[in-house]
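Me: I would like to go through the side-chain contacts and strand pairing of this protein, one question at a time. Please give the reasoning first and finish each reply on the value or name I ask for.

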Amino acid sequence: MNSYAERLLDWYDRNGRKALPWHRNRNAYRVWLSEIMLQQTQVATVIPYFERFTSRFPDVNALAQAPLDDVLQHWAGLGYYARARNLHRAAKLVAERHHGVFPDTLEALVDLPGIGRSTGGAILAQAYGKPAAILDGNVKRVLARYHAVEGWPGRSDVLNRLWRHAEEKTPRDVTAERMQAFTQASMDLGALVCTRRRPACLDCPHLGFCEAQLKGNPHDYPAPKPKKVMPEKAVWLLWLENSKGRLLLERRPPTGIWGGMWSLPEADADLDADDLPGYCQQTLGLSCGTPERLAGFRHTFSHYHLDVQPVRLAVTSTTAVADTDNRDWLLPSDAVARGLPAPIRKVLMEPGLCLEA
């Protein structure tokens, strides 16, 4: 075993996280689910979602057989909803192609939707105890500092260098249990010690071996993503309420932002508020009263800002919209039980005061 792995495992035995929910009854399904949930999301946030998700979908076959709406409902609030859609698609493929058993080769794992090289490596190491490298955000940061790797890890040449270091550091001569420990330790070191803003170098097992620490500039690694101006978009969010107090919900297209989830209908922000009743009549077949603005808000995605202006319109008569697979009239209390994006759920639960008639 290499000295890097020895130091890291010794540190993990004393300081690592050993009681995370996915460590209980450890198997490929639970490891896979935790890895997908942990992408772009902190452990503390993931834990309650993981517990609820595995209670409803205890194994990959249960997930494969569930309706997508149910999966999205249990994912709502975690964001990056393509993860949930890929999760559902991958579960179906595992059930159909692999008889409900996750494959144990990297090639077969990365062939599943949403599983890349690092997630596949984590499944191999954590579930099957195989020597496989990982390179999540925490590990990238640790290795970039340890080897003083210049450049932003989003560049392919920098990423390839980090992968080479990750492969070199992965022990090949340890038991399955120690391989599991090494993988968890690799993630824990970045999460608990080699943090982005305040690395605790004096607590690091690699003190005296880390090039960035020896140079005295760990904050310079890894290099940040080059800044660019985030584009801004705006949209009307239509709170369409009929005489029975029911709201119109639409299922969004399967791809794109909030893909496959339920939401309030939208209208282009280029329209004036006074044009919205005509828009609803033309596109939805709904006659509506005077628009009432509700409290607006900004929601930031990974690649743009979205300024959302909810507006309430009382529906006075309908000629076209009926319940379908992609449209439904629901009471607000029933609507929030659907798979809704977190901002839409907040609007339904706390519509706020009318700001302008």
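Me: Is Trp32 buried or exposed, and what about Phe102?

Reply: This is a predicted model, in which local features need pLDDT of at least 70 and side-chain atom pairs count only at pLDDT 80 or more, while totals for chains, interfaces and linings use all residues. Residues are numbered from 1 along each chain as its sequence is written, and side-chain values use heavy atoms, with hydrogens and water left out. Buried means under 20% relative accessible area, exposed means over 50%, and partly exposed lies in between, with a 1.4 Å probe and protein chains only. By that scale Trp32 and Phe102 are each buried.

Me: How many aromatic pairs does a search of the whole structure find, and how is the pair of Tyr29 and Trp32 arranged?

Reply: Rings of Phe, Tyr and Trp (its six-membered ring) pair if their centres lie within 6.5 Å, and planes under 30 degrees apart count as stacked, over 60 as edge-to-face and the rest as tilted. A search of the whole structure finds eight aromatic pairs. In the pair of Tyr29 and Trp32, the centres are 5.9 Å apart and the planes make an angle of 50 degrees, an arrangement that counts as tilted.

Me: Which helix holds both Tyr29 and Trp32?

Reply: Helices (H or I, at least four residues) and strands (E, at least two) are DSSP runs, numbered from the N terminus. Tyr29 and Trp32 are three residues apart, about one turn of the helix, and both are buried. The helix that holds them, residues 28-38, is α2.

Me: Why is the pair of Trp32 and Phe102 called tilted, and how many residues apart are the two?

Reply: The ring centres of Trp32 and Phe102 are 5.0 Å apart and the planes stand at 50 degrees, so this pair is tilted. The contact links distant parts of the chain, since Trp32 belongs to helix α2 and Phe102 to the loop between α6 (82-97) and α7 (106-110). Ring pairs join Tyr29, Trp32 and Phe102 into a cluster. The separation of Trp32 and Phe102 along the chain is 70 residues.

Me: Which residue has the charged end of Lys169 over its ring?

Reply: A charge sits over a ring if NZ of Lys or CZ of Arg is within 6 Å of the ring centre and within 35 degrees of the ring normal. Lys18 lies over the face of Tyr12, at 4.7 Å from the ring centre. For Lys169, the charged end is 5.4 Å from the centre of the ring that it sits over, which belongs to Tyr4.

Me: How many salt bridges does the structure hold, and which residue forms one with Arg14?

Reply: A salt bridge is a side-chain nitrogen of Lys or Arg within 4 Å of a carboxyl oxygen of Asp or Glu. The structure holds 16 salt bridges. Arg14, exposed at 56% relative accessibility, has a partner four residues away in helix α1 (residues 3-15), about one helical turn. With the closest N and O atoms 3.1 Å apart, that partner is Asp10.

Me: Which parts of the chain does the salt bridge of Asp188 and Arg17 tie together, and how many residues apart are they?

Reply: The side chains of Asp188 and Arg17 meet at 2.9 Å, N to O. Asp188 counts as buried at 0% relative accessibility, whereas Arg17, at 21%, counts as partly exposed. Because Asp188 lies in helix α11 (residues 176-192) and Arg17 in the loop between α1 and α2, the pair ties together parts of the sequence whose separation is 171 residues.

Me: Which two strands are linked by the salt bridge of Arg327 and Glu250?

Reply: The closest N and O atoms of Arg327 and Glu250 are 2.9 Å apart. Arg327 is partly exposed, with a relative accessible area of 27%, and Glu250 is buried, with 19%. The two residues are 77 residues apart, and they lie in strand β9 (residues 327-330) and strand β2 (residues 247-251), respectively.

Me: Which strand runs parallel to strand β8, and which strand forms a hairpin with β8?

Reply: Two strands pair if DSSP finds at least two bridges between them. Strand β8 (residues 305-318) is joined by 10 bridges to a parallel strand, β1 (residues 232-241), where Lys233 stands opposite Leu306 of β8. Four bridges pair β8 in the antiparallel sense with strand β7 (residues 297-300), and Thr300 stands opposite His305 in β8. The parallel strand is thus named β1, and the hairpin, with four residues between its strands, is formed with β7.
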